[in-house]
Amino acid sequence: MAILNIKNLSVNYGPVAAVKGIDLSVAQGKIIAILGANGAGKSSTVNAISGLVAHHADRISFKEKSILALGTEQRIKQGITMIPEGRRVFPSLSVKENLLLGGYLLKSNKAELETTLEKMYALFPILAERNTQLAATLSGGQQQQLAIARALMSRPEIIMFDEPSLGLAPKIVETIFDLLVKLKEDGNTLLVVEQNVGMILDVADYVYVMANGEIRSQGTVDELGETEAIKRAYLGGKP
Ligand SMILES: Nc1ncnc2c1ncn2[C@@H]1O[C@H](COP(=O)(O)OP(=O)(O)O)[C@@H](O)[C@H]1O
Ligand SMILES: [Mg+2]
């Protein structure tokens, strides 16, 4: 069943048409990938779903209900969260403070917040170990884990992840992708944006390839054929 359903989504920045009327569907409990070269419109798509950029659509429904009229905070409350490109943690706050900020919408329920925090420490032992350390002092891979844990603090039902592998060493990327699989096994739904085709093809259940604001091809990795459609979309951007 599709947890997220999008019909005819467009994002414009003044005269720049970044996303041109795309349809997209995310099945519950799966890892869905959006691939494409730099400037294809991937970030604009997930930013629109988060409500972070102005957008038009015939329909954006989450669990069968329209979320078009909701702002970012309301969408997070509904269970839609995003880890933005460049894993922006708050460098001058401690690991714990970063996590608590991620859970601020749960603040009304202190017990729930504590339980969720403990879950994060269990899932990311390094964060428990570095609990009081400033986020700025963490390595890139640890900051990525903190960004993921912070997003999970809002207890999302769908996690959107913009270029998780960006700027990380291959070994760390492997750890992050293992984690994506673990999150899926725990029942989460993931929508992952990637420019680097690499490892995402090993974990994605379904792939959309974007170029020039449009979806150029889609299917399972097997259907697409790792090389054909995907490579073509990267080279020159013409179908
Ligand atoms: N804030 C913005 N203002 C103007 N143009 C933008 C802005 N953000 C993105 N763009 C343009 O929109 C297009 C799609 O960008 P983006 O969604 O960031 O693509 P991707 O994430 O695939 O690299 C690009 O042409 C980019 O230059
Ligand atoms: Mg981007």
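Helices are DSSP runs of at least four residues, numbered from the N terminus. With that in mind, a good place to enter this predicted model is helix 1, which gives the largest share of the shell around ligand 1, namely three residues.

The complete shell around ligand 1 consists of Tyr13, Ala18, Ala37, Asn38, Gly39, Ala40, Gly41, Lys42, Ser43 and Ser44. Sorted by class, four of these residues are nonpolar, five are polar and one is charged. Several oxygen contacts can be picked out in this setting. The side chain of Asn38 places an N or O atom 3.3 Å from an oxygen atom of ligand 1. The backbone also takes part: an N or O atom of Ala40 lies 3.1 Å from a ligand 1 oxygen, and a backbone N or O atom of Gly41 lies 3.0 Å from an oxygen atom of ligand 1. On its own, ligand 1 would expose 560 Å², and the protein buries 59% of that area.

The second ligand is a magnesium ion, and its site again involves Ser43. The ion is coordinated by Ser43 through OG and by Glu85 through OE, at 2.1 to 2.4 Å. Ser43 belongs to helix 1 (residues 42-50), while Glu85 sits in the loop between strand 6 (80-83) and helix 3 (95-102), so the two donors tie together parts of the chain that are 42 residues apart in sequence. Glu85 is partly exposed, its relative accessible area being 31%. Ser43, in contrast, is listed among the buried residues of helix 1.

Helix 1 itself deserves a closer look. It is mostly covered, with nine of its nine residues buried. They run from Lys42, Ser43 and Ser44 through Thr45, Val46, Asn47 and Ala48 to Ile49 and Ser50. Just after helix 1 comes Gly51, which has a positive phi near 85 degrees.

A further feature to look for is the hairpin built from strand 1 and strand 2. Strand 1 (residues 2-13) and strand 2 (residues 16-27) run antiparallel and are joined by nine bridges. Within this pairing, Asn5 stands opposite Ser25 of strand 2. Two residues lie between the strands of the hairpin, where Gly14 adopts a positive phi near 55 degrees. The hairpin also leads back to the ligand: Tyr13, in the shell around ligand 1, falls within strand 1 (residues 2-13), and Ala18, another shell residue, falls within strand 2 (residues 16-27).

Conventions:
Residues are numbered from 1 along each chain as its sequence is written. Chains are lettered from A and ligands numbered from 1 in the order in which they are written. This is a predicted model: local features need pLDDT of at least 70, side-chain atom pairs count only at pLDDT 80 or more; totals for chains, interfaces and linings use all residues. Side-chain values use heavy atoms; hydrogens and water are left out. Donors are N, O and S atoms within 2.8 Å of the metal (3.2 Å for Na, K and Ca); water is not among the atoms, so sites may look incomplete. Buried means under 20% relative accessible area, exposed over 50%, partly exposed in between (1.4 Å probe, protein chains only). A residue is near a molecule or strand if one of its heavy atoms lies within 4 Å of it. A polar contact is a pair of N or O atoms within 3.5 Å; within protein, one must be able to donate a hydrogen and the other to accept it, and residues adjacent in sequence count only if both atoms are side-chain atoms. Accessible areas come from the Shrake-Rupley method with a 1.4 Å probe; for residues, only the protein chains shown count as cover. Ala, Val, Leu, Ile, Met, Phe, Trp, Tyr, Cys and Pro count as nonpolar, Asp, Glu, Lys and Arg as charged, and the others, Gly among them, as polar. Two strands pair if DSSP finds at least two bridges between them.
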